[in-house]
Amino acid sequence: MDLDFMASTMVTLIAALPMTLALFSLSVVFGGLLALLVVWMRVGGNPVARGFAKGYIFVFRGSPLLIQMFLIFYGLGQFGFIRYSVLWPALREPFVCAVLSLALCTAGYTAEIFRFGLRSIPAKEIEAARAVGMSGFLLTRRILAPIAFRNALPAYSTEVMMMVKSTALASLVTVWEVTGVAQRLIAQTYRTMEVFLCAAAIYLILNFLILQVMALLEYRLTPHRRTAPLFPVAQR
């Protein structure tokens, strides 16, 4: 192991970290917003919307993300109404295609996570809210959304961490994030072990920081679940 080479490699890979963070943050934000729409369609009373939501979740959960990314990056240009539309200047960019594929994929998983969070709400809490006059948006804002998000947070934190690792696939559509830059370094130096060790360290640190943030958020949102210390200090 050449420590000097690994140090210079780490500096080079950290320079590509903003691209990874941009892919991650945009895909999580847009994927979360799309997941809310899919959940609304999934639990609503419209059978057409419910069927569309079921089909969307099945397609994006049942097919590999890499194939979805290739279909969006290479396939959208095959349709004339897209290639000659106002959206084509954006959709021909690899970064936009990568964000779009990541967001569409995570929306399918996140929608199911949020839906099970809704199903975990006790019926008596909803009945109590309706008994005091809550309905519609107020019921959703004060009861449904907070409790559902709190219950779904452990599973959602896993999905968020998966999205960090999924950004590595963007290198296959010429988006030069951490993994893409690592592959270029390997092609130039033929030093696979050192380069990939540095890349793995960056992903591990990034996921560790995200895990701490999600754990802190879960701790703040669930005060009723905090356990008492195993060895409480005796009061004098």
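**Note on helix H1, a nonpolar patch and the salt bridges**

1. Helix H1 covers residues 3-15, and at 1.5 Å a residue its 13 residues should span 18 Å, which agrees with the 18 Å that separates its end C-alpha atoms. The reader should keep in mind that this is a predicted model.

2. The buried residues of H1 are Phe5, Met6, Thr9 and Leu13. Viewed down the axis of H1, these buried residues fall within an arc of 95 degrees, so they line one face of the helix. An α-helix has 3.6 residues a turn, so residues three or four places apart point the same way.

3. What do the buried residues of H1 pack against? Their partners are helix H2 (17-43), helix H10 (178-189) and helix H11 (192-221). On the face of H1 turned away from its buried side, one finds the exposed residues Leu3, Asp4, Val11 and Ala15.

4. Leu26, Val29, Phe30, Leu33 and Leu36 make a nonpolar surface patch of about 460 Å². Of these residues, leucine 33 has its place in helix H2, and leucine 33 counts as exposed because its relative accessible area of 53% lies over the 50% cut-off.

5. The count of salt bridges comes to three. In one of them, the side chains of arginine 61 and glutamate 112 meet at 3.5 Å, N to O. This pair links distant parts of the chain, since arginine 61 belongs to helix H3 (residues 47-62) and glutamate 112 to helix H7 (residues 94-119), 51 residues apart.

6. Glutamate 112 also forms a salt bridge with arginine 115, with the closest N and O atoms 2.9 Å apart. Both glutamate 112 and arginine 115 lie in helix H7, where three residues, about one turn of the helix, set them apart. Arg61, Glu112 and Arg115 are accordingly linked in a network of salt bridges.

7. Which members of this network are buried, and which are partly exposed? Arginine 61 is partly exposed, with a relative accessible area of 40%, whereas glutamate 112 is buried at 11%, and arginine 115 is likewise buried, with a relative accessible area of 11%. The two buried residues are classed in this way because buried means under 20% relative accessible area.

8. A further salt bridge joins arginine 191 to glutamate 194, whose closest N and O atoms are 3.6 Å apart. Arginine 191 counts as partly exposed at 27% relative accessibility, while glutamate 194 is buried, with a relative accessible area of 11%.

How values were computed:
Residues are numbered from 1 along each chain as its sequence is written. This is a predicted model: local features need pLDDT of at least 70, side-chain atom pairs count only at pLDDT 80 or more; totals for chains, interfaces and linings use all residues. Side-chain values use heavy atoms; hydrogens and water are left out. Helices (H or I, at least four residues) and strands (E, at least two) are DSSP runs, numbered from the N terminus. The expected span of a helix is 1.5 Å times one less than its number of residues. Buried means under 20% relative accessible area, exposed over 50%, partly exposed in between (1.4 Å probe, protein chains only). The arc is that of the directions from the helix axis to the C-beta atoms. Contact means heavy atoms within 4.5 Å. Patches are made of residues with over 30% relative accessible area and no salt bridge: like charges are joined within 9 Å, nonpolar side chains (Val, Leu, Ile, Met, Phe, Trp, Tyr) within 5 Å. Accessible areas come from the Shrake-Rupley method with a 1.4 Å probe; for residues, only the protein chains shown count as cover. A salt bridge is a side-chain nitrogen of Lys or Arg within 4 Å of a carboxyl oxygen of Asp or Glu.
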